[in-house]
Amino acid sequence: MKIYISADIEGIAGISHWDEARKAHATYQEFRAEMTEEVAAACDGAIGAGAKEILIKDAHDTGRNIIAGRLPDCARLIRGWSGHPLAMVQELDESFAALVLIGYHSKAGTQDNPLAHTLTLQIASLRLNGELCSEFRLHSYAAALYGVPVVFISGDKGICAEAPQLIPSIRPVAVSEGRGASTISIAPALAQRLIREGVGAALQGDLSRCRVKLPESFVLEMTYANPIDAYRKAWYPGATQSGPQTVRFESRDYFEVLRAIRFIM
């Protein structure tokens, strides 16, 4: 069994401030370590369920956060950003049995995490087919392009409540919840145990129940905090400026949506 793990940091246990997610700040090292431990726990759960090969995408900021020496022998780690439209699931293809999401967070425009955002802080909101869209939904749809089931997600309470609305059979593990600029988090050791057990259980179930069906067409709307950004990005082929701060792009091909996001963003 071959498993893909995509990992972010804003949805790990304990994190509550942007300083803790940024390399230049002293507190970053603590949360880099916790991100690593939660990924390692997911690997342990996958191996216990029969995984023989694990590919991990370090999907936060620089893409260079996970401490590679903590990973098992069967894991490979993607560090940095290639620029490929698959982004947080770079190199995902039909050969994978399942996608596991670790440390994911609530979308821009919500209050479930003080670090809530979608892709970049330049974007005030990202809508897909009229609905606010999270990084979870963007990359679950990417998995759908290759028929890969999305079986597990850990992160804040908001994203773990959203995930079953798209994938009823997904197994969520919420490790924190937001209260204004604060968070209420479970202990890191407990988070790691629940992730280990949750991933193992998810991979022993009927994976086909976690496949996502793509909509027939897509309307992407990216609203920027700065209208100057919207004017500049609207020159992407096929894009239009639908408001002073919003760029709109339509396609029936979801890969073209992902490609547009790479350049419009």
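These are my notebook entries on the strands and helices of a predicted model.

**Confidence**

I began with the confidence scores, since where pLDDT is low, the predicted coordinates should not be read in detail. The chain averages a pLDDT of 97, and 100% of the residues score at least 70. Going element by element, I found the lowest mean pLDDT, 95, in strand S5 (residues 123-128), and the highest, 99, in strand S4 (residues 98-104).

**The seven-stranded sheet**

I next traced the open sheet of seven strands, whose order I noted as S3-S2-S1-S4-S7-S8-S9, with mixed pairing. Strand S3 (75-78) and strand S9 (182-185) are the edge strands, each of them pairing on one side only. Ignoring direction, I recorded an average turn of 20° between neighbouring strands of this sheet.

Within the sheet I looked at S4 and strand S7 (residues 150-156), which run parallel and are joined by four bridges. For a residue to locate by eye, I noted that Tyr 104 stands opposite Gly 155 in S7.

I then asked which strands helix H4 (residues 188-203) lies across. They are strand S1 (2-7), S4, S7 and strand S8 (171-179), and the helix runs at about 165° to S7.

**Strands S10, S11 and S12**

Turning to strand S12 (residues 246-251), I found that strand S10 (residues 218-224) pairs with S12 in the antiparallel sense over six bridges, with Thr 223 standing opposite Thr 246 in S12. Strand S11 (residues 239-243) also pairs with S12 in the antiparallel sense, over four bridges, and here I marked Gln 241 as standing opposite Val 247 in S12. S11 and S12 form a hairpin, with two residues between them.

**Helices H2 and H6**

Last, I examined helix H2 (residues 135-144) and helix H6 (residues 254-264), whose axes come within 10 Å and cross at roughly 135°. I entered H2 as oblique to H6, because an angle over 145 degrees would be needed to count as roughly antiparallel. The crossing in which H2 passes H6 is left-handed.

Which residues make the contact between H2 and H6? On the H2 side I listed Arg 137, Leu 138, Tyr 141 and Ala 142, and on the H6 side Tyr 254, Leu 258 and Ile 261. Sorted by character, the residues of this contact divide into six nonpolar, no polar and one charged, and the charged one is Arg 137 of H2.

Methods:
Residues are numbered from 1 along each chain as its sequence is written. This is a predicted model: local features need pLDDT of at least 70, side-chain atom pairs count only at pLDDT 80 or more; totals for chains, interfaces and linings use all residues. Side-chain values use heavy atoms; hydrogens and water are left out. Axes are lines fitted to C-alpha atoms, for helices over the stretch in contact, and angles run from 0 to 180 degrees between N-to-C directions. Angles under 35 degrees count as roughly parallel, over 145 as roughly antiparallel, 65 to 115 as roughly perpendicular and the rest as oblique. A crossing is left-handed if the near helix is turned anticlockwise from the far one by less than a right angle, and right-handed if clockwise. Contact means heavy atoms within 4.5 Å. pLDDT is the predictor's confidence in each residue, from 0 to 100. Two strands pair if DSSP finds at least two bridges between them.
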